[in-house]
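Reader: Got a minute to walk me through this one? I'd like to start with a loop and then move to the sheet.

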Amino acid sequence: MERELVEDIVIVGAGIAGLTTSLGLHRLGISSLVLESSDSLRVTGFALSIWQNAWKALDAVGVGDILRHQHLQLNGIVTTSLVTGQQTAAIPFRATGNQKDIEIRCVKRKSLLEALVNELPRGTIRYSSKVVGIEESGFYKILHLADGTSIKTKVLIGCDGVNSMVAKWLGFKKASFTGRYAIRGCAEVNNSHRLEPNFMQYFGKGFRAGVIPCDEEAVYWFFTWTPTSQEKELEENPAKLKQYVLKKLENMPSDVRQYIEKTEEDAFLLSPLRYRNPWEVMMGNVSRGNVCVGGDAFHPMTPDLGQGGCCALEDGVVLARCLAEAFSKENEEEEEEEEEEQKKIEESLKKYAKERRWRSINVTATAYVVGSIQQAESNVVSFLRDKILASFLAIQLFKMSGYDCGKLKNS
């Protein structure tokens, strides 16, 4: 028999954006229900760069210091051409004359999600809850789950990733495929890896790779390129995939390359790189009525600026702050008419959409352009990239990380 639950706020997806939104609301005294289709936390992707803008968001929801204690602060970004073997840029993150200290760490995805979950009240996340249908019932939305449960909600937030059902309901098209793929992995060593805490970036002919220590024992790495149709078949064969990456990176210094060698074959994660066309983000419905999207459901982007997860954290803080205005205690005391409450919910989501739209367009478009330059195979672009663009690209990284999403409460 079908059960119907009634909630004020339902968030679909227990990823970075969904959990940050839920925790932000909880810090403001507002409860929410998070639906996760998997039977436990999903931690695909191993690790991600958390830049200064994202630390501000993590501090806003009160988990920044927990993660700082677990991960190394990086000293700088060092870029090397694997074609010429020359270092093309070395830019410090530490304070210099006209630049403030830039905080960046490579954070394990599992640690990040667990830090957010551990601060939420028990029962906030409902696992094995796959949404199979969305129905309108006046202002309310009714979610139908695969297990036969129905949930009626005043607010529906889609943080359900790049193939978001909620984004589709709002009218967004499927995210576009860039033609590029990423292979990611993480090597764990028993003793200290002894690598300098730097973001080590390497360019080759048509590919880009990076190696970044997370803590004293874990080293995260990635490799992005545009495969031929033959190379796409490597997905079926992890041993050949590993062999292929190591062959491409044969000019990488052996003390760095060894961490890719140490990664188990079945821990090589291959995924297509998708993004939402900035024009669609500009024209699309980020919110409609009492429904909105956040994270990859809103602005899937290529990983070239390391800002995907960072922007999801920003979304969570801004969305919680805006929604709290509609659910504040003063409103309850006034015993508001339902119509008035609905209007406030709609206005709060519009405010969120307005605040996040241009930021998302800016980051998504910049990441796409930077990715195209970084992976260029043409000799002219490669020459320019190595001689001139290395510093320009680094400046883009800093520019995007200079953003401040603000605190949970407007002071």
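**Loops, sheet and helices**

Author: Ser-128 lies in the loop between β7 (125–126) and β8 (131–137). Strands here are DSSP runs (E, at least two residues) and helices are DSSP runs too (H or I, at least four), numbered from the N terminus. This is a predicted model, where local features need pLDDT of at least 70, side-chain atom pairs count only at pLDDT 80 or more, and totals for chains, interfaces and linings use all residues. Residues are numbered from 1 along each chain as its sequence is written, and side-chain values use heavy atoms, with hydrogens and water left out.

Reader: What's the phi of Ser-128?

Author: About 50 degrees, so positive, although Ser-128 is not a glycine. Most residues other than glycine have a negative phi. Ser-128 is partly exposed, at 43% relative accessible area (buried means under 20%, exposed over 50%, partly exposed in between, with a 1.4 Å probe and protein chains only).

Reader: Which other residue that isn't glycine has a positive phi?

Author: Arg-194, with phi near 65 degrees. Arg-194 sits in the loop between β11 and β12 and counts as exposed, at 72% relative accessibility.

Reader: OK, on to the sheet. What's the strand order?

Author: The order is β5-β4-β12-β13-β14-β11-β15, an open sheet of 7 strands with mixed pairing. Two strands pair if DSSP finds at least two bridges between them. The edge strands, β5 (87–92) and β15 (269–275), each pair on one side only. From one strand to the next, the twist averages 20 degrees.

Reader: How many bridges join β11 to β14?

Author: There are 8, between β11 (residues 176–188) and β14 (residues 218–225), and the two run antiparallel. Cys-186 stands opposite Tyr-220 in β14.

Reader: And which strands does helix α7 touch?

Author: Helix α7 (residues 238–248) packs on the sheet against β11, β13 (207–213), β14 and β15, and its direction makes about 85 degrees with that of β14. Axes are lines fitted to C-alpha atoms, for helices over the stretch in contact, and angles run from 0 to 180 degrees between N-to-C directions. Contact means heavy atoms within 4.5 Å. The buried residues of α7 are Leu-241, Lys-242, Tyr-244, Val-245 and Leu-246, and they pack against β11, β14, α6 (229–232), α8 and β15.

Reader: Last one: where is Ala-324, and is it buried or exposed?

Author: Ala-324 is in helix α10 (residues 308–326) and is buried, at 13% relative accessible area. Leaving aside neighbours within four places in sequence, Ala-324 is in contact with Leu-28 and Ile-30.
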